[in-house]
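Visitor: Before we go through the interfaces, please show me the model and explain how each label is earned.

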Amino acid sequence: MAIQKFLSGNEAIAEAVKLAKPAVIAVYPITPQTTVVEKLADFVANGELKTEFINVESEHSALSALMGASAMGVRTFTATSSQGLLYMSECLHYAAGGRFPIVMMNANRAVALPWNIFGDQRDSLSQLESGWIQLYAENAQEAFDLTLSSFAIAENHAVALPVMLNVDGFALTHTYEPLNIISQEDADKILPPFKPFFEMNLEKPLSLGFSAGPRDNTAFKQHQINGMKAAAKLINEKFGDLVDAYKLENAKYAIITLGSISGLVRDVIDELQSDGVKVGLLRLRSLRPFPEEELRSALANFKTVGVLEKNLSVGAENAVAKEIKSALYGLENAPQVLAFSGGLGGRDISANEIKDIISKIIGGEK
Amino acid sequence: MSKNFNLNGDFPPNNPAGEKVGGTVGDFGKKSPTKVGYNKDKEPFVGHKACAGCGGTIAVRLALKALGERVFVTVPAGCMSAVGFLYPQMAFTVNSIISTFAGTASMLTGIRAAANAKGLKDVFVVGFAGDGGTADIGIQALSGAIERGDKIIYICYDNEAYMNTGIQRSSATPFGASTTTSPAGSVIGGNRLGKKDMFSIVAAHNIPYAATASIAYPHDYIKKVKKAAATDGPSYIHILAPCPTGWGSENNQTVNLARLAVETGLWQLKEFAGGEVKITHKPKELKSIEEYLRLQKRFRHLNAADVDRVKESIG
Amino acid sequence: MATDPNNKRNPNRPQIVSWNIPSKLEDYLPYPHAPSGVLIEGHANWRLEKPIVDCVACKNCGTCELLCPDAAIFYEEVASAKSAKSIAIDYELCKGCGICAFECKFNAIKMEKE
């Protein structure tokens, strides 16, 4: 049983977190994430959510506290954005290496300097190698659904990795949409109570966060890689695939995106396809695990693909484009990959600009 | 007696699977803290790789002996974690975790929150961080945890520099001390700045309980650990723990130096509770500081004016 | 040099277990957590000097046990006298720092060259 609510993306995520019932939530404000934790604070203040709600003194402390809580075998949640995500960068690697199944929402936002509070994806894309699962939502409904899924993925025993759920700042976090909010009963079916795979306890004391020297270090990293592989399998089987293909069947050209811009790209593709242009959309729902196999099979017979990311790699090809090129490497007649940056610092991307990009893809030039 | 041991699911003799630990020692739920003894039977911190004569390990071991086995220990990156967690040799026989360097207090906060969520009663959440991890990089998290009133015990073992990385100056390095980043050169004679007063900083938070201690006064220290354990809220103990490697002293002088620091008045043993500071040990007559300085290479370069300045710092 | 786990140790002391160096991934824990209190080696070979307890001079005050950084001093039951305990040194764990000898008020511990 679902009910309809008119909510912003951030409010939808807070509703989902309420249904997930984390035992510990650490909060620290940063635009445009703040309304998630404000809403959670309201739930706690009004008795709708029973949790240990910690007002920490920094984002670094938010993750540090959650790692401590996670080591005790309980479900945890926090949310951040931009500078906050970068401030906790040390803890990102730490949490993934420690296999702590923390779930964190990241409101994608530009990174200083110059200061800018608006949406782009430079924050999370700069943290691709932190070892976190990185999911990207297209709209508020998907953000709601993926919040619950994120807990289920992180807490799967074969996975045991933290999940970063990325939601475009303002475009999704602050835009209101009518949403289907599932009941607690249905949420409990998707997300059963957390069964920890290790926990500090008084009967069998554990030592966590230890040093592993040159002989042993690689083995723990290999286990971590296996966790990520298990995540790919789990997401594809149960949580709606790593990639989302739109009208790719008869296309020769594709535009690859992630996040909220995909909505507008769909409209443009509808229009162009009705005019006979053979272009489709491939949206990346997950960047870690990276959908290499999916990309190779979906794009095998394409002529040219263009990657539109709200990101900029200074002095190199953009991060996502580079990864896609790498994924397609070695395919017979591998498609040409073009890289496009857009939407930096919240700059609007218009339908005409997307058409422009598509015509460049078709023309096979930058 | 010994057997081939596989870590997968196997628990070693020092940590027998399923054996109920805890009991009366350290069980503050049933006994008043002052009556709780020192756990003679079980070693909580043993087989670590610390240098011979390490003062910090004495501070860790004594506190855990006093707290018993119902504890969750956090140590940040630093000496105690580097010497105690070398896979597969795990020197803590109780629950323990290494935090990030800056994250001791915040990790303690999270552990306590989870313990509350799980309804765990009569457990202690205790952190051991060095002076760099406390007075420098960890002070923000420490301040936050104290301000929130989290029921944690934070113990700073102060060896007056970043010893794990090879003796670099911290804000707790005393005036005059030569370290690798405040060396005694021909122009500048060691650290020109004074020692940060963590005790007063912590007390300014109006913390329920704070104390200073010295490893040369183990009974005083154990008593303070028990008071910290009985505190309903955050508690902080700052214990002077000399480092023979960093101070340039003989291995057997570690405790002697911790005693001389108190006997000369350079380090005071005190408590803060109920808004008041109380001296817990007052030397009858203050010893001259010369012997204290002479036993340490880090002070060997001090000139007469420097020694006078060290003397003036005694309050 | 690794400690020989077959050396006879007092059963009340922390035990040293033998450890097979892992040869394949499955030998490692799936997550980076380990049982607490695993000792695979002691530190006897760190020592340059060795503390020797003079049981006659020792008054069992316990100061050395309190101040040992390596938890190497313990109370051992005396075979000749029932329920009597005396200070003993765990030479597998002792690093020979000499704090016990220096701090003993009764000069009951002497350091001897190894």
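Visitor: What makes a residue pair across the interface of chain C and chain B a polar contact, and how many pairs are there?
Guide: A polar contact is a pair of N or O atoms within 3.5 Å, where within protein one must be able to donate a hydrogen and the other to accept it, and where residues adjacent in sequence count only if both atoms are side-chain atoms. By that rule 18 residue pairs, both members at pLDDT 80 or more, are in polar contact across the interface of chain C and chain B. Chain C's side of this interface takes two or more residues from each of strand S1 (18–19), strand S2 (33–35), helix H1 (63–67) and helix H2 (99–103), helices (H or I, at least four residues) and strands (E, at least two) being DSSP runs numbered from the N terminus. The residues on that side are 24 nonpolar, 9 polar and 10 charged, with Ala, Val, Leu, Ile, Met, Phe, Trp, Tyr, Cys and Pro counted as nonpolar, Asp, Glu, Lys and Arg as charged, and the others, Gly among them, as polar.

Visitor: How far should these values be trusted, and what do the numbers refer to?
Guide: This is a predicted model, in which local features need pLDDT of at least 70 and side-chain atom pairs count only at pLDDT 80 or more, while totals for chains, interfaces and linings use all residues. Residues are numbered from 1 along each chain as its sequence is written, chains are lettered from A and ligands numbered from 1 in the order in which they are written, and side-chain values use heavy atoms, with hydrogens and water left out.

Visitor: Why is the pair B:Arg61 and C:Glu65 called a salt bridge?
Guide: A salt bridge requires a side-chain nitrogen of Lys or Arg within 4 Å of a carboxyl oxygen of Asp or Glu; the side chains of B:Arg61 and C:Glu65 meet at 3.2 Å, N to O, and therefore satisfy the definition. Between chain C and chain B the count is 4 salt bridges.

Visitor: What is the area buried between chain C and chain B, and which residues are in contact?
Guide: Buried area is the accessible area (1.4 Å probe) that two parts lose on being put together, summed over both, and for chain C and chain B that is about 4,100 Å², with 58% given by carbon and sulfur atoms. Contact, meaning heavy atoms within 4.5 Å, involves 43 residues from chain C and 52 residues from chain B.

Visitor: What separates the domains of chain A, and what joins them?
Guide: An automatic or database domain assignment supplies the bounds, dividing chain A into domain 1 (2–238) and domain 2 (243–363). Their centres, taken over C-alpha atoms, are 27 Å apart, and the contact draws 27 residues from domain 1 and 27 residues from domain 2. The two domains of chain A bury about 2,000 Å² between them, 51% of it on carbon and sulfur atoms. There are 6 salt bridges between these domains; A:Arg288 and A:Glu129 form a salt bridge, with their closest N and O atoms 3.2 Å apart.

Visitor: How do you know whether A:Ser262 is buried or exposed?
Guide: Buried means under 20% relative accessible area, exposed over 50%, and partly exposed in between (1.4 Å probe, protein chains only); A:Ser262 has a relative accessible area of 0%, and is therefore buried. This serine lies in helix H10 (residues 261–274) of chain A, and the side chain of A:Ser262 reaches the backbone oxygen of A:Gly259 at 2.7 Å.
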